[in-house]
Amino acid sequence: MSDETIDVGNYLEGVAAPSAEGLNTCTHCGLCLNACPTYRVLGREMDSPRGRVFMMRQVREEQMPLSELIADHLYICLDCRACETACPSGVPYGELVEAGRAQVEAAGLTPRRWRFLRWLLNRVILPRPWLTRAVFALPRLYAASPLRALARLLPRRLRAWEAALPRPRAPIAVREASRSGGAVQRAAAPRAMALTGCVMEAMLPHLNRATESVLRKAGYDLVPAYSGCCGALNVHAGEREAAKGMARALIEAFSRSGAEYFVSNSAGCGAQLKEYAQLFEEDDPWHERAKQFASQVLDLSQALAMSGVAATRVLDAPVTYQDACHLAHAQRIRAEPRSLLKGCSDDFRELGDDQCCGSAGIYNLTHPEIASELLRQKLERIEATGAHLVVTGNPGCLLHLRRGAAERGMNVDVRHIAEVMDATL
Amino acid sequence: MSEQPSSFIERLRTIVGDDGLFSEPQQLRLYMYDGSIDRALPIAVALPRTAEQVAGVVRLCHEEGVFLTPRGAGTGLSGGSIPLCGGVVLSTARMKAVLAVDTENQTVTVQPGLVNLDLTKHVAPLGFQYVPDPSSQGACTIGGNVAENSGGPHTLTGGVTTNHVLELELVLADGERVRIGSPAPDPPGPDFVGVVCGSEGTIAVVTQILCRIVRKTECVRTMLAAFDSCRAASEAVSAVIASGIVPTAMEMMDHPALSAIEAFSHAGYPVDAGAVLLLELEALREEVEDAAPRVVEICRANGASEVRVAQNDEEREALWKGRKKAFGAMGRIGPSYYVQDGVIPRTRLPEVLERVEQAARKVGLRVANVFHAGDGNLHPLILFDDHDPDQAKRAIAAGEEILRACVEAGGSITGEHGVGMEKRDYMVLQFPKATLAAFTAFRDACDPGHTLNPYKLLPSGLGCAEGGKRQKTMAQMQELAERNAAVGDAY
Ligand SMILES: Cc1cc2nc3c(=O)[nH]c(=O)nc-3n(C[C@H](O)[C@H](O)[C@H](O)COP(=O)(O)OP(=O)(O)OC[C@H]3O[C@@H](n4cnc5c(N)ncnc54)[C@H](O)[C@@H]3O)c2cc1C
Ligand code: SF4
Ligand code: SF4
């Protein structure tokens, strides 16, 4: 994405713009259409990957203005990257849409709902760790308080939100299995740094503890965790400058720690970490550094699979796995979590569907109608498997699915893979 | 006209609802393309949800003399869903329900916008499959498949769409709703279903389809054979068929295609081979176990340097993924491609492939070949830069030359991608005047007002009679489109 100053068509100069090279890779074959959740729900070409790429290309070729219409459709996109998996031409869709949003942002065309929430989150809350902690801890503190008792007075819909709140859950039911496994002792334990992250530590701290515990069982030597924010929410919102600063700080801290691996337990953060290089121009020394860093980033499931650690207990309930988009599509990680779950279950059932559940960062707040339709479809698939335990690798999906399951009155527990592995190892 | 200027659009809106109609110029731009290289703007896009709404839209267009072009997923490769002369685009994207599954009679009733692969996924847990599997099956619709009479790698033994459609519910050009065909196979009387299959939206809009499904085959074996040249691979194809074995699929990819495909699929295709054959056997277990080693042997005898048999479903899917996404993968070696779809007798493969190569070389462009070798259905992909009008023109010229070669070799100008606007004027290469006149008369009887997908499929007297003069026709089309746009403005 260099030499953007020459010929950016109707894009603003001086702001990252969707690259001509990336846009031209699209042969408008349409093979991505049915992979796109928003196209499947809305049936409109403007809400398909092909349509969005076409619009971005038309702006570049001065056939269309950079308008509110385009802004709307770029923000209806979930950024789930399913189109990248489907596209045979290798269109770098994620990169394009993020640059497109940066343009929309710079032109002041960001849809209103987004603007407000994003301002609140990215400008007010996240930059202040104390506030982040306070805001996201609220639901947890509430859940542990006597106020809870009043919850049954809430209307049904709100009760579902309430039920999804992070709170101490019953331990995951497991039984001893006659399998040989157990913690791994390694001669030279690889050093790893875990990401506890911004929202995760405040809202779901027990998942971070489970992550650390399970990494130790897998034979990693943990250096103190990185507790800052990775900047993913900023990038998705088109705020690249802020994200660059966050990236530099994180990489710097990792280098100083001397760790070999950087482990993330959140699909969205992991994808962002692996794509840091895209934030920096190729002639910026940080570009190379970010690339090197990316090769050391592991998703928790990769770190566990690599270690060869094997479960000693098996899960009691039939289990299914929900592919988080930023694992399956953005990081192409599908096999590791499945093999881990098969290792600790006698009854693993495939969901047979990797469509986005609708959570997608703050999407479920900005586009609730589409998000709840996708959630409905996902829950139906889960129901069809008959599984009582759903495992996923992303906190956003976790909360979204929990709320949906509660609202629907389903008898399923939704858990993060860290907890499940911690209970069975 | 006594009506208010926008009343046509408003009347459309009352039929499909506010949320089912687009008429903003910027929105319309997204319906000017499909998977082919042509483009044209509609005056409105309607997204009906029910057959009644479809009938309402068709009737209104008929009464007002406004052109109407049906659209499925817009993966077509011959411009079929492009609103050539403006008018209304009717998209079936919101009509994608599976209405009924009848495993006893082995049929499924579906809406036209259902995606081909979603149909297969729907019946797979019951142990069934829907046979026609165009390479675009992950996105293209059953309605579009019917309109194009689509085939796929499994056409060789499975037949094309028309062989798997029993009954259709249609909206005729004047908005009347009818049902043709019958749930029982081979009903008496003329084969109207057969006529609608392949009619490319020019005689009716399909609103419901009763498809045949079959039990999944017991045993599938997929293999890949690498050869030095297309000639050697073609000879192997003929030798396999001569041996009495009929693989369900025999797909060929030449050297330029292989590198692009491998870059996408990482299926382990041998990128340095001159040509690769993908073969699939499907039958009862004993039959497959018996035939597979013989196929391997025949390939070896015909010069295969390597034959690989997929050991499990994952390997099998990986091999197919490369083939199925081959066209799209061309984006990795050229900005755009122009794909042809000629059919030739299998035995003439080597010489026609040479003429393909020559045709491209003559105009200074590159060509890659990915095709259904078993039934001689060629898909030369002429690579060009669509930003360069001169290259586009040269690509079209090479395409025409290739079709000529196919017809001269005793073949036809389209196997499965349809005629659309792209090959409309080449119909004269293939059919005698009298035959074309009969086609036209039939179509006129079905759509006297010429509102349904006008100027597609059949040469329409617009300077086409004397031969494939596409350029001239395009100019006339332009004129027509402008006239129609003016009509659109007037509404
Ligand atoms: C990468 C790629 C690979 C392909 N491989 C194959 C292949 O192997 N075999 C093959 O046969 N084709 C192939 N195609 C071409 C294309 O996918 C098929 O022609 C497909 O059937 C088109 O379906 P669609 O839903 O996209 O229809 P569209 O492209 O939207 O429309 C096609 C035609 O059907 C008409 N139509 C659509 N819906 C209706 C309806 N409900 N009623 C009446 N008319 C209707 C349209 O007016 C148009 O004329 C390929 C295309 C691509 C891009
Ligand atoms: S993004 Fe990829 S799959 Fe989608 S239309 Fe473009 S080339 Fe085809
Ligand atoms: S990222 Fe997801 S929602 Fe956005 S275009 Fe791609 S598939 Fe559709």
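Me: What makes the shell around ligand 2 count as seven nonpolar, four polar and one charged residues?

Reply: The residues around ligand 2 are A:Cys26, A:Thr27, A:His28, A:Cys29, A:Gly30, A:Leu31, A:Cys32, A:Arg50, A:Cys87, A:Pro88, A:Ser89 and A:Val91. Each is in the list because one of its heavy atoms lies within 4 Å of the ligand. Ala, Val, Leu, Ile, Met, Phe, Trp, Tyr, Cys and Pro count as nonpolar, Asp, Glu, Lys and Arg as charged, and the others, Gly among them, as polar. A:Arg50 is therefore charged and A:Gly30 polar.

This is a predicted model, in which local features need pLDDT of at least 70 and side-chain atom pairs pLDDT 80 or more, while totals for chains, interfaces and linings use all residues. Residues are numbered from 1 along each chain as its sequence is written, chains are lettered from A and ligands numbered from 1 in the order in which they are written, and side-chain values use heavy atoms, without hydrogens and water.

Me: Where does ligand 2 sit?

Reply: Ligand 2 sits in the second largest cavity. A cavity is a set of points, on a 1 Å grid over the protein atoms alone, where a 1.4 Å probe fits but cannot get out. To sit there, a molecule needs more than half of its atoms within 2 Å of the grid points.

Me: How many residues of the shell around ligand 3 are polar?

Reply: The count is nine nonpolar, no polar and three charged. A:Arg52, A:Asp79 and A:Arg81 are among the residues around ligand 3, and Asp and Arg count as charged. Helices α3 (49–60) and α5 (82–86) of chain A each supply at least two residues of this shell. A helix is a DSSP run of H or I with at least four residues, a strand a run of E with at least two, numbered from the N terminus.

Me: Why are β3 and β5 of chain A called edge strands?

Reply: The open sheet has the order β3-β2-β4-β5 in chain A, with parallel pairing. β3 (221–226) and β5 (297–299) each have a single partner strand, so one side of each is left without a neighbour in the sheet.

Me: How do you know that β4 and β5 of chain A pair?

Reply: Pairing takes at least two bridges found by DSSP. Three bridges join β4 (residues 261–264) to β5, so the two strands pair. A:Val263 stands opposite A:Leu298 in β5.

Me: What is notable about phi of A:Glu62?

Reply: Phi of A:Glu62 is near 60 degrees, a positive value in a residue other than glycine. A:Glu62 is in the loop between α3 and α4 (68–76) of chain A.

Note on methods: 1 Å grid on protein atoms, 1.4 Å probe; cavity = no way out; pocket = protein on both sides within 12 Å on 5 of 7 lines; lining within 4 Å.
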